[in-house]
Amino acid sequence: MVDLYFVGVDVGSLSTDVSIIDHSGKVLSEIVIPTGVNGSEAAEEAFDSALKLADLSREGITAITATGYGRASVTFATGKTTEISCHGVGAHQLFPRTGTVIDIGGQDSKVIQIDSRGRMLDFTMNDKCAAGTGRFLEVMANRLELDLDELSSPANIEGESAPISSTCTVFAESEVISLLAKNTPREEIVHGLQRSIVNRIWSMVTSIGIEGEVTLTGGVAHNRGLVTLLEEKLGLTLNIPENPQTVGALGGAHIARRAYQRSLEPATN
Amino acid sequence: MIIPDRSEYLKALAQSGQKIMGVLPALYPREILWAFDIHAAEIWDPPGELLHANAHLQTTICPIVKKSLEFILKEPDIINAGYLFPHTCDSLQNLGTQVKDLIGVSLPVYTFYNPKGSFNNTTTKYYQDILKNFQSTLEASYGPLDPEKLLAACVLSHNIDSHLLAIQLARMTDHLSLNNLEYFKLMRAQEYLLPTDYLSLLEQVDILDQPSETPRARLMVSGILPPTSEILEFLDELGVSIVADDLLAVSRRIPKFPMDVPVSPLDYLTDRFFILPSCSTRGGDLDERLHHLSKLMNASQAQGMLFNMVKFCEPELFDHRLLVKTLREKSIPVLTLETELESHISGQDKTRIEAFTELLFEMVSP
Ligand code: SF4
């Protein structure tokens, strides 16, 4: 059998991720790089790196799905699909019993319900604001002079939590400034910020409900403090992928594979 | 079929000496205005930036009210016979009072208080009383109303409705070769064309003998106004057709079924009002509205519902939650977009729409 390779390229606001799979769905390589100011260049660079890692060339690729907010800038893609569908399919591939996907991305968050085949049934997206997203954490990490790893330390979830009442990033940042001025311990502020994101996600989850297992995707899934709080709030254990940032790209690669298989169907009839 | 541009058409009409009244949304007895030779130019979403209106209104007032006030404050020379404020919602009613008492526009300001609630003896009597009052108010300025002219206006209105009903049906069954943008341009042209011109336009609409190509997905839309042109074009690009609507600006102003040719204007106007589809702005019964929506969805085979919500629209938001819940319980996919009547579609909304259509396509694919 001729070797068939499928690629998903997810151009997000913060990172560009590429996943390459073979005809059986086996992952051959995955890459995450910062998107920077040019989504198109980031896609090219990430694609080349992923090819190199998998020891493949562009000519050997069968189909490519572009996804993410910069999907239109991926000129070498053979198809494009929204990140919402891609995250559903990606989560299903990793955890087949997933019924609900929570994706906390760089500039938006989504809750997606999928069926037993990974097909999207319903979704909701946060509204026109960075609250409850990766960007929110980035802004706050900057303000607190912590790096993102420090912001996710599980030690931070112990003890008191400072009240952060604003759901708006700009107002929440002012609250953080006031708390710092009052010498509130940074751990408490971090805890308060994580709680604020969790509350935001919670309201989205309740608007469409939870079905089946819940898989958390997006870079924020690395934040162990936030994951613990979210699990506590939802009363369940979340599926956390090994590479939560590449789930959309992985879903894209599987969608490319599925589209290719479908394109063959009439010929085999 | 060429649909004249709204502002050019109205300018030319005003220059020709036509009496033109600016009418705010949504339900009013257009036939009475026509019988007085007054043209109703409806003001829903006038273009232009908000510069002065914000100084008079709270931030939580809907953009239709804000944009209307901005338009009125500019004292457009196309409006020469005054403004009519139907009681569609509290915000519009307040605007009517404000414009008259506080802002002091130079043209006359009229109000029309539609009955809330469904058809019964009290609402019927009330509606007939306000029709008569409205007529008397206009008579005070324009002289006695000619009953023959009122009957002729009702017949014209009946004729327009009959065409619109046929076009709606053709849309639901793919017997119309208009894309989303063309369809809603046609439906909304009644907001500014003279009724005779609008009727001629409707007469030109080609209803096909055979269904045209089936769209990739079929959608129904609910709310106050259709989605913006950019969204309609985007849906066209994606191969999604809006096959039915529950929009205040469109279908909620068309009787649910054909009526007999008018004989008595008062009875005709009353019957017509009460057989309009149920609407949040009339305090209609929600079960009745749900029933109507599911009938439309079945008839048009729509696979999903798009709620195009005007931000801060209280009457619509009041019903929206329960409508969404009920549709979801029936496994009907629902997408809600919120609009401030901006002309550009945000990247997030584009993704929402695209993801929603992917969901619909998955439903129809094997
Ligand atoms: S959009 Fe809603 S709140 Fe605004 S004028 Fe219309 S009915 Fe009233």
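How many residue pairs are in polar contact between chain B and chain A? In this predicted model, nine such pairs, with both residues at pLDDT 80 or more, are counted between the two chains. Helix 13 (347–364) and strand 8 (334–339) of chain B each contribute at least two residues to the side of chain B that touches chain A, and helix 13 of chain B gives the largest share, nine residues. By class, this side of chain B comprises six charged, six nonpolar and three polar residues.

The contact involves 23 residues of chain A and 15 residues of chain B. About 1,600 Å² is buried between chain B and chain A, with 41% of it on carbon and sulfur atoms. Of the area that chain B buries against chain A, 32% is supplied by Q348(B), R352(B) and E362(B), more than by any other three residues. Six salt bridges are counted between the chains; one of them joins E354(B) to K80(A), with the closest N and O atoms 3.3 Å apart.

Within chain B, domain 1 (6–143) and domain 2 (148–364) are distinguished, and their centres, taken over C-alpha atoms, are separated by 23 Å. Domain 1 of chain B brings 42 residues to the contact and domain 2 of chain B brings 43. The area buried between these domains is about 3,600 Å², and carbon and sulfur atoms give 67% of it. Five salt bridges are counted between the two domains, including that of K149(B) with D37(B), whose closest N and O atoms are 2.6 Å apart.

Key
Residues are numbered from 1 along each chain as its sequence is written. Chains are lettered from A and ligands numbered from 1 in the order in which they are written. This is a predicted model: local features need pLDDT of at least 70, side-chain atom pairs count only at pLDDT 80 or more; totals for chains, interfaces and linings use all residues. Side-chain values use heavy atoms; hydrogens and water are left out. Contact means heavy atoms within 4.5 Å. Buried area is the accessible area (1.4 Å probe) that two parts lose on being put together, summed over both. A salt bridge is a side-chain nitrogen of Lys or Arg within 4 Å of a carboxyl oxygen of Asp or Glu. A polar contact is a pair of N or O atoms within 3.5 Å; within protein, one must be able to donate a hydrogen and the other to accept it, and residues adjacent in sequence count only if both atoms are side-chain atoms. Helices (H or I, at least four residues) and strands (E, at least two) are DSSP runs, numbered from the N terminus. Ala, Val, Leu, Ile, Met, Phe, Trp, Tyr, Cys and Pro count as nonpolar, Asp, Glu, Lys and Arg as charged, and the others, Gly among them, as polar. Domain bounds come from an automatic or database domain assignment.
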